[in-house]
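Visitor: Please take one part of this protein and look at it closely. I would like the sheet, its pairing and whatever packs on it.

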Amino acid sequence: MTTRTDVLVVGAGIVGTAVAAELAGHRSVHLLDAGDESLAGSTGHAPGFLGEFGGSPVATALATATTNALEALVGDDPTTFARTGCLEVMTTAAGAVALPDRIAAARAQGLVVDEIEPAEAARLVPDVVRPEAVTAAALFPRDAAVDATE
């Protein structure tokens, strides 16, 4: 038996599934994954963080489309999907120098990101961040936490 497909997506994690879903309306798509159904792709084994800034415009657009699609899919169920945000903390002088360029690149790709003071970073996660160790910090408020098992 011969099966024809236009696109083969390898990996049924959040990104692979989003790619397959996007293409399925236009092409014949097959989604291939080595994992079992309950923990598809690397997503099922990951802590569930989904950051929107991918570095390159293409990766950022895919990640943003994925988070928006997941948010629409689960609605107001915070046990499955929540916009928790991501705090990036720099602890070196080199990190503090590099952070403004990272923020500018994220903003140029349409993302919301705020440079915040070390004290604010510590207020957000007091059990993790010591303000005296922080040289710079940024908050990506639209990043999300996802429970891939739900």
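Guide: Start with a term: two strands pair if DSSP finds at least two bridges between them. With that in hand, strand 5 and strand 7 are joined by 5 bridges and run antiparallel. Keep in mind that this is a predicted model.

One bridge position can be named here. Cys86 stands opposite Phe140 of strand 7.

Now the other pairing. Strand 7 covers residues 136-140 and pairs with strand 6 over 3 bridges, again in the antiparallel sense. Two partners can be picked out. Asp114 has Leu139 in strand 7 as its bridge partner. Ile116 has Ala137, also in strand 7.

Put the strands together. They form an open sheet of 3 strands in the order 5-7-6, with antiparallel pairing. Strand 5 (86-90) and strand 6 (114-116) stand at the edges. Each has a single partner strand, so one side of each is left without a neighbour in the sheet. From one strand to the next, the twist averages 25 degrees.

Next, the helix. Helix 3, residues 93-108, packs on this sheet. Its contacts reach strand 5, strand 6 and strand 7. The direction of helix 3 makes about 20 degrees with that of strand 7.

How much of strand 7 is covered? Mostly: 4 of its 5 residues are buried. Buried here stands for under 20% relative accessible area. For the whole protein chain, buried residues make up 29% of the 150 residues.

Step back to place the sheet in the chain. The protein chain has 4 helices and 8 strands. Along the sequence they follow the pattern β-α-β-β-α-β-β-α-β-α-β-β. Take the contacts with a separation of 6 or more. Residues 24 or more positions apart account for 61% of them.

Last, a look at the outside. The protein chain exposes about 9,100 Å², and carbon and sulfur atoms supply 58% of that area. A nonpolar surface patch of about 310 Å² is made by Leu8, Val10 and Leu32. Val10 belongs to strand 1, residues 7-10. Why does Val10 count as exposed? Because its relative accessibility is 65%, and the exposed class begins over 50%.

Note on methods:
Residues are numbered from 1 along each chain as its sequence is written. This is a predicted model: local features need pLDDT of at least 70, side-chain atom pairs count only at pLDDT 80 or more; totals for chains, interfaces and linings use all residues. Side-chain values use heavy atoms; hydrogens and water are left out. Helices (H or I, at least four residues) and strands (E, at least two) are DSSP runs, numbered from the N terminus. Buried means under 20% relative accessible area, exposed over 50%, partly exposed in between (1.4 Å probe, protein chains only). Contact means heavy atoms within 4.5 Å. Accessible areas come from the Shrake-Rupley method with a 1.4 Å probe; for residues, only the protein chains shown count as cover. Patches are made of residues with over 30% relative accessible area and no salt bridge: like charges are joined within 9 Å, nonpolar side chains (Val, Leu, Ile, Met, Phe, Trp, Tyr) within 5 Å. A salt bridge is a side-chain nitrogen of Lys or Arg within 4 Å of a carboxyl oxygen of Asp or Glu. Axes are lines fitted to C-alpha atoms, for helices over the stretch in contact, and angles run from 0 to 180 degrees between N-to-C directions.
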